[in-house]
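Biologist: I should like to learn how to read salt bridges, exposure and ligand contacts in a model of this kind. Could we take the features in turn?

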Amino acid sequence: MNSLQGKYALITGASQGLGLELAIAFARAGAAGIAIVARNKALLDVARDLIQEVDKQIQVLAIVADVSQAQDIERIVATTLNAFGGHIDILVNNASTIGPEPMPFLLDYPLEDFRNVLNTNLIAPFLLIKKVLPAMIENGGSIINVTSDAGITGYPGWGAYGISKFGLEGLSQTWAAELEESNVRVNWVDPGNMNTAMHRAAEPDEDPTQWANPAYVTSIFVYLASDESKHVNGQRFHAQTEEDEPLSQAA
Ligand SMILES: NC(=O)c1ccc[n+]([C@@H]2O[C@H](COP(=O)([O-])OP(=O)(O)OC[C@H]3O[C@@H](n4cnc5c(N)ncnc54)[C@H](OP(=O)(O)O)[C@@H]3O)[C@@H](O)[C@H]2O)c1
């Protein structure tokens with residue numbers, strides 16, 4: 001119940017969708033502080049209030065920032081460490097973009113959009129991990145990267161998004177191997193198909209009610225954030241039980 005008691009977490013992309021549900025789940029698990037990051041201030045403020053409602057004692061920090069910008073990453077980590085007394089025990093790299101909608105094939109993919117997707121989905125996790133590590137190595141910690149089945153299979157039309165997730169899987173494996181001897185662990189989770197703004201935008205012709213409510217996929221994240229998974233490093237998890245998902249439902 002209180003598996004995250006005393007822990008401080010930083011979750012990117014937590015104004016809606018999976019990130020918000022993770023923040024609420026972490027609050028319910030007794031986290032001491034949760035920093036949430038997104039660009040849209042109005043949505044982020046609503047999210048902050050929802051998380052705070054779980055427990056008035058939790059320190060909830062809402063940081064308006066764009067993770068695709070290196071200077072914003074510096075500010076996110078500095079602000080969080082400052083507010084949480086130098087502690088970040090859990091980092092969830094969740095913020096992502098699917099890029100232009102409708103999603104173009106690679107042949108038609110604009111270079112600037114391609115770069116922006118990689119900056120948001122891949123370079124940002126790389127930089128955030130680099131920046132939080134000095135604080136984490138001192139006290140131990142858990143890094144959780146959010147991937148997708150589009151990160152292990154190249155689906156037509158999922159272009160830069162899928163490629164960024166392939167990169168994220170490699171980034172996760174490499175960090176995990178390099179941190180093997182430390183008390184920081186790096187694992188990554190495919191949450192499976194969820195009914196969120198991102199997925200509805202990616203597949204507007206599909207019925208979104210067939211996809212999971214993101215509130216129902218959080219338990220593996222709470223486990224990986226808690227000390228129960230202290231010795232788990234370099235593993236890929238799937239948050240839902242179904243296995244062979246149809247290509248049209250990739251996200
Ligand atoms: N939905 C699915 O079916 C599915 C399946 C597999 C994997 N995933 C993965 O699950 C994670 C969460 O996705 P979701 O479906 O919950 O998405 P979502 O509902 O669209 O939420 C995305 C969040 O990321 C934030 N964000 C996007 N770009 C950002 C940026 N440059 N800087 C800061 N924040 C940014 C958004 O806020 P702002 O726009 O205000 O910045 C929002 O809070 C992603 O990593 C996604 O790839 C999703």
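**Reading salt bridges and a ligand site**

Modeller: Let us begin with one pair: the side chains of Arg115 and Glu112 form a salt bridge, with 3.4 Å from N to O. Please keep in mind that this is a predicted model.

Biologist: How far apart in helix H4 are Arg115 and Glu112?

Modeller: A salt bridge requires a side-chain nitrogen of Lys or Arg within 4 Å of a carboxyl oxygen of Asp or Glu. Arg115 and Glu112 are separated by about one helical turn, because they are 3 residues apart in helix H4.

Biologist: Is Glu112 buried or exposed?

Modeller: The label exposed applies over 50% relative accessible area, and buried applies under 20%. Glu112 has a relative accessible area of 54%, so Glu112 is exposed. Arg115 has 45% and therefore counts as partly exposed.

Biologist: How is Pro110 to be placed, and where does Pro110 lie?

Modeller: Pro110 lies in the loop between strand E4 (90-93) and helix H4 (111-139). Its relative accessible area is 36%, so Pro110 is partly exposed. Sequence separation and distance in space are read as two separate values: Pro110 and Gln52 are 58 residues apart in sequence, and their C-alpha atoms are 40 Å apart in space.

Biologist: How many salt bridges does the structure hold?

Modeller: The structure holds 8 salt bridges. One of them joins the side chains of Asp227 and Lys7, at 2.7 Å from N to O. This pair links distant parts of the chain, 220 residues apart. Asp227 is in the loop between helix H7 (219-225) and strand E7 (236-238), while Lys7 is in the segment before strand E1 (8-12).

Biologist: Which labels of exposure apply to Asp227 and to Lys7?

Modeller: Each partner is to be judged by its own value. Asp227 has a relative accessible area of 40%, so Asp227 is partly exposed. Lys7 has 14%, which means that Lys7 is buried.

Biologist: Which residue forms a salt bridge with Asp45?

Modeller: Asp45 is paired with Lys41, and their closest N and O atoms are 2.6 Å apart. Both residues lie in helix H2 (residues 41-54), 4 residues apart, about one turn of the helix. Lys41 is partly exposed, because its relative accessible area is 48%. A salt bridge may also be read as part of a network: Lys41, Asp45, Arg48 and Asp49 are linked in this way.

Biologist: Let us turn to the ligand. How many residues surround the ligand, and which are the closest?

Modeller: The ligand is surrounded by 31 residues, and the closest are Ser15, Arg39, Asn94, Tyr161 and Thr196. The ligand sits in the largest pocket. Helix H1 (17-28), helix H5 (159-178) and helix H6 (197-202) are the elements that give two or more residues to the shell around the ligand. The largest share, 3 residues, comes from H6.

Biologist: Which polar side-chain atoms lie 2.8 Å or 2.9 Å from an oxygen atom of the ligand?

Modeller: For a polar contact, one looks for N or O atoms within 3.5 Å of each other. A polar side-chain atom of His199 lies 2.8 Å from an oxygen atom of the ligand, and one of Lys165 lies 2.9 Å from an oxygen atom of the ligand. In the side chain of Asp66, an N or O atom is 2.8 Å from a nitrogen atom of the ligand. Taken alone, the ligand exposes 890 Å², of which the protein buries 94%.

Technical notes: Residues numbered from 1 in each chain as written. Predicted model: local features only at pLDDT ≥ 70, side-chain atom pairs only at ≥ 80, totals over all residues. Heavy atoms only, no water. Buried < 20%, exposed > 50% of the residue type's maximum accessible area, 1.4 Å probe, protein only. Near = heavy atom within 4 Å. Polar contact = N/O pair within 3.5 Å; in protein donor to acceptor, adjacent residues only side chain to side chain. Areas by Shrake-Rupley, 256 points an atom, 1.4 Å probe, with all protein chains shown as cover. 1 Å grid on protein atoms, 1.4 Å probe; cavity = no way out; pocket = protein on both sides within 12 Å on 5 of 7 lines; lining within 4 Å. Sits in = over half its atoms within 2 Å of the grid points.
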